[in-house]
Structures are given as structure tokens and as C-alpha cells.
Amino acid sequence: MHPNRLLNIAMLSFLGLPLVLHAVVREEVTFRGPHDQIVQVLTDDVDSSGTAIVLTNSYVQIQTGLNFQDEKGDWVPSTPAFELVPGAATAWRAQHKVSIAANLNTAEAVAIRLPDDQLLVSNIYGLAYYDTETGQSVLLGEIKDCSGYVVEDTEVIFPDAFSQISADVRYRMTTSSFEQDVILRERPPSPESFGLNPATTRLEVWTEFTGSPSPARSIKADLSDSKRQKAGTEEPAPDEILDFKSAQIGAGRTFRMSEPDESLALVVKHWLSGNDGRKFLVEGVALEELEKGIITLPPSRDGAQVLRRSPSRLQALNALPRKSKRGDLENVQVKRLKSGRDDEMIAQVERPGVVLDYLTLNTTQNNYTFTSHQTYHVTGAVVLTGTTTFEGGTVVKFDSTTTPKLEVQGALSFGGMPYLPVVFTAKHDNTVGGFVASGTPSGSYGSANGALVINNGAATSIPYARFRHLRRGLAFMNGTGHSVKHSQFVQCSEGIWSTTALAYSLFNSLFDSTSIVLAGNAATITAQHLTVRTATTFNTGHSVTLANTLLVGVTTPGSYTQVAGSVSATPAGGTAFETIAGGQLYLPAGSPHRNSGTSTIDSTLATELKKMTTEAPQILTGSLSVNTTLSSRVQRDTDQVDKGYHYDSLDYVVKNLDATAALILTNGVAIAVAGNYGVDLRNAGQLISEGRAENLNRLTRWHNVQEQSAAEGNGGPIAKITANYTTRPVLSLRFTQANALSESGTTLLDMNIVQPPTWRFQSISLEFCQARNIGLPLIAPSDTSAASVLLRNNLFERSTILVQKMASGAATPLTGNFYNNLFWRGALTLGYDSGGGNPGWALRDNLFDGGSTAFSGNLQSSVIRWNNGFTTGTANAFGGSTNKTGLSTDYQSNGTWGNRYYPASGVAPSLFTLINAGSRLRDVAGLYHFTVKSATGTKEAVDTPDTVDIGLHYVGLNGSGQPNDTDGDGIPDYVEDRNGNGSATPDADETGWQQSNGAGSGSGALQVFTPLM
């Protein structure tokens, strides 16, 4: 077999050949970094003919501190386990190193070596009350001599560690963090007994840091009892971010030992500097907010006394005697608890308690991009600093343990978009993304703190997100002015959690089978166009203003203010919704919620909803034997607005449709594919999509729009050809967008290439299209029938394109032309082998930005390679002449039309140098009415000289930002002059673009056939 054939078969298997369920899985780590690693999954399987094959896919495992560097400098798996040494318990096999003294009553009880080699040395001093109104403090108990025990490999506990009050100290180690917990075993004494006001008193943990650097300090959002603090006290009460560069002391929480997933209240942090350079970390929680937890604890022991009282907390801290370094530590040992021998101590550490914790988080994961061509598996806490980017179509899967989360502490660029959301789901959810684990989702996944945690202090926008099977989908820990829009929460324990004194908007979102929709308390939430079905609680204690919302089967709605009576609350059941494929919350015909919403909503949202719908698509399946035209059929909400969640518009769900005629798509129709495939192009089958620049046709998978996670399966091509037909199939797309989620296995066309192939198609053409995460594998083996592939002026993002002419001793007259495409972060592989019948190919005027290129075959000279552009770092496997290399990526945006325009001026390496640098004239290129420039009124027609620009062109726009219409007849110039040569005399199938023909007239109009019913 030809060596390239093996490579291509492997690539096509990756791109989504329909296969039976996975059988045996072998995993191998192929790359390790400090916080992520690539895991290759080999799966034994059989194809549709019963032939045994091995599938290969991979995912990115991500977890802060996942690996550490050994003594050789190699990245190896972190093992955050404590080992026992004389006088201490140490954990050294992680990016941060920890040593804990066997007795906490010492000045150097805890030492943490951070990833950047900074050393933090500390000791807990005691528990105290602090009255935020008066500034008075009371020391309730000090650390005393106590012994440590290893409960689990990653946990050391010191029972009965304080004088005067019953409380333990616990330390826990993970790859990403070091945690110090104080566990209350009894209710603290009443503040009133010390002359303090319970309503303004915090319970605090005082920890002194000795010989440690001071952190950079910044104030987080106003929290908890900070609003009650009077001016004139010694320091503000808002929570602080304490940044040690490679680590931060993060947000702590309080919870009952029996309820480790809950958060009774946040632990507020403050860094204080005392006399003689003393440094203290003060952590506190409002006593009122602890009441739910401590009420179940036994009362404080009789005779609890004040150890120290001070009118000023800082005075109290300064007055604390310094702890000395104990010289007898080597004679004290940390012990490992063993069942049978230490049952009494095991029972003691397992008794009820309330935990106050803080975390030291590694923060070396900076400027991370979640790319849409990979699937991510989160197996622990991930702390993200700098700018975090999520590309549209990214799939992130969470482990079923309680630690996995993504905590964003810097800026967030969230790229979810129509028909291309960002998905956060369970590792067992195999309806989206790449394969991580076999099975189906059961229970909840990810951290109880939130799968996606926003802790950055800045207004953050989260559009088009999907949260499924999670303990808590989204959490806002900090900042205000956040926005969540066009998002879905399905089968989560909690949808969105937010903290006190925070405000955010929640627009057009769906909550299905999510127990608590809006968790947390005291935030201000503006919510419009929600659909909530089957929830225990809607609002746990926020100030919520609702508009155009449907609450169906919500047991406890909680309080809310509704705008203009636009909220409908009804019991579960009935006929409130209609189900089509994976969408279960469409409004049925005749629904009272149609055209019944108030217009008093956000103006931007109102505009966006006009492109969306509450109407279900129609399913097409079976056989197509007559030419059929599909155009948009569902009502976009352009009249009085409907109540509830609006879906991205889908007109049809095409499922296993067998075509022996032409299926023609037009007029901005939106098609979703379900089942094993969309359209099987059989004898004389054609798939022709003819959209417009201002109204693209859409091709996508059902799960890019609909919410259910186990409805129609994953993968499967949009179209396929599985046999050698007399009249060979045609695929022709113009002004069409095809989107897929990361590693969904979605190909535009599948030719079942693993089988011994013959010629399968007559022609494949894509012009003026957008493809994201799409595969297009085209291999032409032995056959004498002519065929062609044309790719012209398309945007390929994260897409994998393969065109190969195979040698087998016979003529293989395949013609390939590739002009003015932008290949962005994807792959283009060309192969040209001689077998006779060797037409010339052209690879000209394209721009390659990132990704990979490959070129093979024994007759590469038949491929003309001229005037292509390559950005810095992009490999050029094609060679060729008159190329532009080392280009910068100084793209420009032009509103909703695109973000890949070129600057209006510049010198090398600017993309401006691609203007007038192509290999053909603008009329020959057919781009007379198009441009690479962002300014309106520009197009190739006015450029001098008349050489075409290299790379992707957008349609030229007039002063109103719409496509040019020179003759004012309502038909854009580029439509009337279909071949784009700019001729004033119409060619065949054209109307004159310089002389009005009346809207809708002209020989180029599409013929409309009877729709398939």
C-alpha cells in the first residue's frame, strides 16, 4: 500500500467515519507540560463492513500543577502526598513543596516553597472575634502543643489544636493548591458575653508569617459584613486578593464536615503589617452567616475566657508574643492513622464540625487559550491568570470528583457564537467533543465551587455557553456587571451561583432539570427571556427582576419582581413545550406565550432575538427522489416578542436522508444534522447550497443548537457518498457556513474511504463559505472519469482539508483549484501522484495562518504554487514562488461582517503587503465586488493596479454597511454579477449590476421545487 494511503486512512478515521461503539481503550501520554498533557486514546473497533480497525483520538488533560520537574528537568506526574520525616510531614513531589511540623506550636510550623522558589513560613496563632463596628477584638484561643496525624496521603490533621475552644487544624495538598482549615468542633461563645455585637462580629483566624515576602494586595468586590462597617475603623473589610506572583491566597469558604460541597459563607482575607516587620494574615467570616452550621455543634465548654482583649485588632496583633522555634521537633512525630489501632482518634477527627478554610493557589497558568479543535479534560483545579480565551466550539469535560474547576482570575475572552457554543460537560458525555471515557453521564461532575468560576473583578461577558451534568455550572466570585447570554444549563445541581453585592444580567437562557437555578444570595440580577423547567428552587435569595420568563415545574420560585406581568409560572407537565430531536423546549403551535412578551427589554437583546426562534424545526428523513428546494421556514421572532428562551433558528433537522435528486438550500436556511449522517448522496444526488453574504445558509450538528445530551448521538458527516454511481454526486456550496464542535467528527463529506475506493464524486466546490472545525477529506483513486475540486475565497478555521490524487496505474483526471482561501489554525494536505491523466492544479493567492501544511506525491510539479502568504511560524510544505512569508497577524474587524480584514496601510510584515500582491487580475479571480479592506466603499474594482489581493475577501459594503447595489434595484452587485468579473454586459445566468432590473427579476433567479414533506 502507498505510504501516504496509510496516513490518509488514519486522518479520515479521526475525521468521523461512522463506527460502532468503542470496545477496548488504551491511553498513552504523548506530551507533558507543567499544567496539561496530551493523552492519546487508541480504541479497537470495527467499521461498518466488520473490518477490525484501530481508532486514534486525543484530548488535553488540564489541571494546574499536573506535572513537576524532576531532578533531570523532565516533567513528570505530580504526587501531592505527604511523607513522614523526623519531626515533620513533607510533600515534595509537586510544583509547590510543603513541610508541616509535627507540633504546630512553633514559629515555623508551616513552610511552603512556591513554584518560583519563594518561601512562605507561617504559624496559626489563634481564633478571635473582631467587631467590625467598634474595631474591638477578643482572642478566644491560641494554638497549643498538638500532634499531627496523616488521615489520607494528602491530608494532615491536628486534633484539639487550640486552648479554650475545641477546634482542629487540617492541611490538605493538591497539585494546584495547599489548604489550611480550621475545623470548629463546638459553638464559639456568644460575642455578647465579651461586650461585642453579634450582628457586626466576625470569627477570625490569625496566622503570622515569618521571613516571608509580602504579597501584592488588591481589593475584591464588597462582601458580607463590609457594608456594615463604619468609617474610622482601622482597615476596610472587603476581601483582598493576596498575590505572591506564582501563587495567590484564594477565596476561602465555610462548610459543614457532613456537607463538603456547600458554602455557608465566604472567608474574607486581609493582610496586616505590624510592628517590627511582623506580618499577619487575618481571615474572617460573619458570625451570622455561620449560624446555619454552628447551631448543630455542641455548646462551648464552660468557663471560656478571654485570653486578650484590645480596643484595636492591630494593637492586639502587635501585642502577641512571638512564637519561638522549637528545638525538640525531631522528637515529635507525625503519625499515620491506622484502622484498628487508632479507632478512637479516627472517631475524633470524623466527628461533626464546621470548616473555615483558605487556599494557596498556584497561578502560573497564564494567557491560556482553549482551542476549538481539541477536547479538554479537567481533572483538578485550574487557576487561569492573564487573559483566558475560549474559542467558539471548544468542549471542556470535567471529572466526576469534586475538585475540577476552571477559575478565571484575569481577563476572559469568551468566543461562543451563534451555532458554535462553548460546552462545559461531563467526561462521560460522548455526544460532544472527543472521546474521554466510555459510559453515559451519571450524577454531577466538577467542583461544588463551580465548573467555570469568574474571580477576576472585571465585568465579564459569557455568550453562548452550555453547562451540563455539573455540580455548579457557573460561579461569580468577584466583580460586577457580568453578562450571561444565549446559554443553557441542563441537569446541573446548581446553575449560576453568585456572591453578595454583585450584579449581573442573564439574558435568553435555558435551565432544564437544574435543581437550583440562581444560587447564593444578595446579588442583583436582571433576567430576561428565561425558560426554566423542572427545578427545586429558582432563586435562593437574590434581588431578581424578571421579564418574558417561563417557570414550569418550579417547586420553590422564591422572590422576584416581574416586568409588565411578563412572567408565567405553571406546574410541570401539560403541553407547554414541543420536542424535536435534541430540543425539548420549543413552543408548540398556538402557544399562549407567542407574541405575548413585553418590549421592555434590553435593546441589544431585542435585536438579537429577531434572528432567533421559539418554533421547532421539521425533521427530514427517508428518501429524496425529486429535486427539492429548502428555504427558511420557521418564524424568526420579528414580530411581538415571544416569552421564554429562543433557540438559534433551525429550519430542518436532516437525519439519514437518502438523495437521488438535487437538494437545494437557499434563502438563509438553517440545517442541522442528526443521526448517523445528514444526506447520503446516491446516484444523481446533489447537495447545492446557495446563500447570500448578508444571509448565509447554515449547516451544523443538532447539538450546536439544542440542549439535550443523549438524543441523537455524536459525529456523522453532513453528507456522504458510499458507492460508485453512474451519475456521480455533486456538492456545491456558496455563501454557506458549516460549524462543528471540537473533535465532533463532523465532516462536510464522507466517502467511506477506508474501503477500497473508486471515483465517488463528479465535483466538489466551496466558494465564499465559512467552515469551523469541519473535515473535508477528498481522495481520488483509480478511475478514468473526470472530477474536480474547487475551493475559492473560503474561511477555514480549525478545519482539516485533504485532497489527494492517488497513483494506481490508471488515469486519475482530478482537477484541483485553490484560490484566495484563508486557512486559519487548521490543516491542508495535498497529494498528487501520477497515474496518467495529469491535469494541472493551482494553489494560488491563499493565506495560511498557523496550523499545518503537507504536500506529497511523485508529480508535485503539476501543482502551480504561486503568491501564497504565510504568517510568522506557519510552515510552508508547498514551496512555490512569489510568496509572502513571516507576516504579522494584524487583522482588522468590521462589526458583524468579520474580523479578518487587513489594515489600510502598513509595511512588511503587515498583512497590508498582501494587497495587490496576487497572481491574477481581479476580474479573472471573480472578486471584482469584494475586498480585504475594512472601510466601506472599498472593493477590488477601485484598486490600482487591478491585481487581486492575496487571501480572504469580504463583499464590498456601501456607506450603510450593506453590500453595494450600484443600480439600486435591491439586488446586490455581487449577486447580479455572479461570476464576479465586473463586466457591464451580463453573462449567462446574470443580470446587469449597473442597470436596474427590479428586485427579484433576472435569469439568475433560483427555481423553487416542491418541499419534501
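This section describes the predicted model of a single protein chain, from its overall make-up and confidence to its strand pairing, salt bridges and cavities.

The protein chain comprises 1013 residues, of which 61% count as buried, and its secondary structure consists of seven helices and 79 strands. Among the contacts in the chain with a separation of 6 or more, 63% are accounted for by residues 24 or more positions apart. The average pLDDT of the chain is 88, and 90% of the residues reach a score of at least 70. Two stretches of low confidence can be set against this average. The pLDDT remains under 50 over residues 222-237, a stretch for which the model nevertheless has 44 contacts beyond four places in sequence. Over residues 999-1013 the pLDDT is likewise below 50, and 30 contacts beyond near neighbours in sequence are found for this stretch in the model.

Two sets of parallel strand pairings are described here. In general, strands of a sheet pair through backbone hydrogen bonds, in either a parallel or an antiparallel manner. An open sheet of three strands is arranged in the order E27-E30-E33, and its pairing is parallel. The edges of this sheet are formed by strand E27 (369-370) and strand E33 (411-414), each of which has a single partner strand, so that one side of each is left without a neighbour in the sheet. Strand E30 (residues 387-390) is joined to E33 by four bridges, the two strands running parallel, and within this pairing Phe-390 stands opposite Phe-414 in E33.

The second set of pairings involves strand E45 (residues 549-556), which is mostly covered, six of its eight residues being buried. Strand E43 (residues 524-539) is joined to E45 by five bridges in a parallel pairing, in which Arg-533 stands opposite Val-552 in E45. E45 is also joined to strand E47 (residues 567-570), here through four bridges and again with the strands running parallel, and Leu-551 is found opposite Ala-569 in E47.

The structure holds 32 salt bridges, of which several are considered individually. Asp-658 forms a salt bridge with Arg-682, with the closest N and O atoms 3.3 Å apart. This pair links distant parts of the chain, since Asp-658 belongs to strand E54 (residues 652-659) whereas Arg-682 lies in the loop between strand E56 (670-681) and strand E57 (686-690), 24 residues apart. The two partners fall into separate accessibility classes: Asp-658 has a relative accessible area of 15% and is therefore buried, while Arg-682, at 32% relative accessibility, counts as partly exposed. A further salt bridge is formed between the side chains of Arg-692 and Glu-694, with an N to O distance of 3.1 Å. Here Arg-692 is partly exposed at 31% relative accessibility, and Glu-694 is also partly exposed, at 32%.

In the salt bridge between Glu-767 and Arg-734, the closest N and O atoms are 3.6 Å apart. Glu-767 lies in strand E63 (residues 763-767) and Arg-734 in strand E60 (residues 730-734), so the bridge ties together parts that are 33 residues apart in sequence. Both Glu-767 and Arg-734 are buried. The pair also belongs to a network, in which salt bridges that share partners join Glu-690, Arg-734, Glu-767, Arg-792 and Arg-978.

The internal empty space was examined last. In general, rolling a probe the size of a water molecule over the atoms shows where empty space is left. Six cavities of 30 Å³ or more were counted in the model, and the second largest cavity has a volume of about 70 Å³. The residues lining the second largest cavity include Leu-630, Val-654, Leu-663, Leu-665, Ile-671, Val-673, Gly-678 and Val-679, together with Leu-687, Leu-699 and Ile-718. Two or more residues of this lining are given by each of strand E55 (662-666) and E56, and E56 gives the most, with four residues. Strand E56 thus appears in two of the descriptions above, bounding the loop that holds Arg-682 and contributing to the lining of the second largest cavity.

Conventions: Residues numbered from 1 in each chain as written. Predicted model: local features only at pLDDT ≥ 70, side-chain atom pairs only at ≥ 80, totals over all residues. Heavy atoms only, no water. Salt bridge = Lys/Arg side-chain N within 4 Å of Asp/Glu carboxyl O. Buried < 20%, exposed > 50% of the residue type's maximum accessible area, 1.4 Å probe, protein only. pLDDT = per-residue confidence, 0-100. Contact = heavy atoms within 4.5 Å. Pairing = 2+ DSSP bridges. 1 Å grid on protein atoms, 1.4 Å probe; cavity = no way out; pocket = protein on both sides within 12 Å on 5 of 7 lines; lining within 4 Å. Points joined across faces, edges and corners; volume = space filled by probe spheres on them.
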